[in-house]
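Subject: Structure handover

Hi,

Here is the structure we talked about. Please open it and keep it beside this email while you read.

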Amino acid sequence: MNYLSVENISKAFGEVELFSDISFGINKDQKIAFIAKNGAGKTSILNILAGVASSDTGQVISRKGLKIEYLSQEENLDYNLTVEQTIFNSDNDTLKVISAYEHALKNPSDEKAYQQAFEKMEQLNAWDFETQYKQILFKLKLEDLSQKVSSLSGGQRKRLSLAVILIHKPDLLILDEPTNHLDLEMIEWLENYFKKEKITLFMVTHDRYFLERVCNEIVELDNGEFYTYKGNYSYYLQKKEERIAVEKASVSKAKNLFSKELEWMRRQPKARTTKSKSRIDDFYKIKEEAHKRRDNHQVQLEINMERMGSKILELHSISKSFGDLQILNKFEYVFKRGERIGIIGKNGTGKSSFLNIITQKLPIDSGKVVVGETIKFGYYTQDGINPKPGQKVIEIIKEYGEYIPLTKGRKISAAQLLERFLFNRKRQYDFVEKLSGGERKRLYLCTVLIQNPNFLILDEPTNDLDIITLNVLENFLLDFPGCLLVVSHDRYFMDKIVDHLFIFRGEGKIEDFPGNYSDYRAYEDSKPKEHSTQTQKVDSRVNTSTKIKLSFKEKKELEAIESVIEKLITEKKEIETKFLEEAITGTEINELSVELQKINTLIDKNEERWFELSAKIND
């Protein structure tokens, strides 16, 4: 079933044409990822699909009555409302019934209102819907429903926007970087949610694991051409490589033919026959094909960084708290040459604060930070750049350096560095205010690199970067000979560039794990966990003073859930036992890890419903 058709749309801003004559369709149950370079017009296309912007040409035709929800980079929340009011501020009939039921629970003395609300819930079978939306709020850490939107952090507002569109259950979800501002636990939950739900998606994301596991189709805008790949991210990479190989062969063949035709053209007299004119027209087509250029932009910088002494960075029993929130508790670590450390943990556990402590932008409560005399930090923060009005791209980077030295006595200028990071010579003389969000991040990255650091600290460097730029950055970091410390929720990125992890558990606890992110997940999934500790959670929305008795249907459901959980825990223990077998192979470990993850997901889902039902039982 076709939901939406895009026919020959184009968009330009002044003389800059973003794209032209783009056509494609979105069908029911498709999960499509849209890939393009920063500045190619990804967000503009999403805005056109969502109806918040218009195209210069063409049209977008949607199915009658189609419900579309759009998660954009721009906030669209009412700051005067609470979290709860924002969720229920909807035309969704089921949500209105649930809102009335929630209100009745808070006023148990009005038995008539409660009975009416209960009957409406039964009529619409809204119980499952209520459970699902509470799960969404719980997983996205939006548990204080009385909190005003104006008091939320930027990340919390982004999560609230995401929660609202998920709860509304539209026919088509359009998402612009949905994993930004989510920690790894939330990303994995959202990934599993999209995988199991029958939902139609069209999204832009730089998270390649997310692409691999969620999407069943990828569309790409590349050098003005639109390509479709019927598969996940691995399939896309394979088919794109094949396409590029065919294009190169075609260009090579056209060049040879062009040389022959050029010789023929030069021999021709001024008066030409009809047959000659046809051949001349063909000549110009061949010429156009022969002069095509592909810019792969593979960056392999061999930076001749400043020498590192024997002392790099030492952290001696450092502690830091913000009021009652402790982020470091007598943490000790001595960095060695060439270490590549990733930092992961839930939002609010102090990851960015830790980086600020290392760079001495934030004081510690106790302990000592010792930085080696030869160490030169390059610190990429989430703040980005603040250009002056009318400042050009090339002027920004020259404020930090004219060139960086390479090995064997070579050097690379600021302009050459920009070109390697996908800013062509024309783009370098554009005003910074004309850049997209991703292009600004890319420029900021160049300002950090041109300072020739020997210790790179990167705080969420993958946010707003396109996949092509991420490959460029990864290639650079793989060749970088200095120390690397990076905070990122991009699992693919972390797997590729770090050797071990600092895991921020909260309450000042930090673990040093010897491996990358996938190693860590496999280890965590294999650890035995006691069921009794998992069943201590209680939904913060439930007021114990207003608990009610379960209906007959709910009692039966509760009994069934308890049996299901017991069975799942038994299966889980059997898999965990297999991990201890000496003869187990790497392939078997991977297969068991996937199976264990599925079982953990089912346990979580059933336990959350168990909590909901248990909380209703009177003491």
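**The three-stranded sheet**

Strand β10 (residues 313-322) and β11 run antiparallel, with six bridges joining them. One position to look at is Leu315, which stands opposite Tyr333 in β11. Please bear in mind that this is a predicted model.

These two strands belong to an open sheet of three, in the order β11-β10-β13. The pairing there is antiparallel. The edges are β11 (325-334) and β13 (366-371). Each has a single partner strand, so one side of each is left without a neighbour in the sheet. On average, neighbouring strands here are turned by 25° against each other, direction ignored.

A helix covers this sheet too. Helix α11 (residues 351-358) lies across β10, β11 and β13. Its direction is at about 130° to β10.

**The six-stranded sheet**

There is also an open sheet of six strands, ordered β5-β6-β7-β3-β8-β9. Its pairing is mixed. At the edges stand β5 (68-71) and β9 (225-229). Each of them pairs with a single strand, so one side of each has no neighbour in the sheet. Neighbouring strands are turned by 15° against each other on average, again ignoring direction.

Inside this sheet, look at β3 (residues 31-36) and β8 (residues 217-222). They pair in the parallel sense, over five bridges. Ile35 has Glu220 in β8 as its bridge partner.

Helix α6 (residues 154-168) lies across β5 and β6 (172-176). It runs at about 165° to β5.

**The nonpolar cores**

Which residues have the most contacts inside the largest nonpolar core? They are Leu140, Leu160, Leu166 and Phe194, in a core of 56 residues. Helix α6 gives the most to this core, with seven residues.

Why does this core lie between two domains? Domain 1 (29-67 + 170-231) and domain 2 (78-168) both give residues to it, so it lies between them.

Leu166 is a good place to zoom in. Leaving out residues up to four places away in sequence, Leu166 touches Ile136, Leu173, Trp189, Leu190, Tyr193 and Phe194.

Apart from this core lies another, of 48 residues. Among them are Ile385, Ile404, Val448 and Leu470. As background, nonpolar side chains tend to be buried together in soluble globular proteins.

Best wishes

Technical notes. Residues are numbered from 1 along each chain as its sequence is written. This is a predicted model: local features need pLDDT of at least 70, side-chain atom pairs count only at pLDDT 80 or more; totals for chains, interfaces and linings use all residues. Side-chain values use heavy atoms; hydrogens and water are left out. Two strands pair if DSSP finds at least two bridges between them. Helices (H or I, at least four residues) and strands (E, at least two) are DSSP runs, numbered from the N terminus. Axes are lines fitted to C-alpha atoms, for helices over the stretch in contact, and angles run from 0 to 180 degrees between N-to-C directions. Contact means heavy atoms within 4.5 Å. A nonpolar core is a set of buried Ala, Val, Leu, Ile, Met, Phe, Trp, Tyr and Cys residues joined through side-chain atoms within 4.5 Å. Buried means under 20% relative accessible area, exposed over 50%, partly exposed in between (1.4 Å probe, protein chains only). Domain bounds come from an automatic or database domain assignment.
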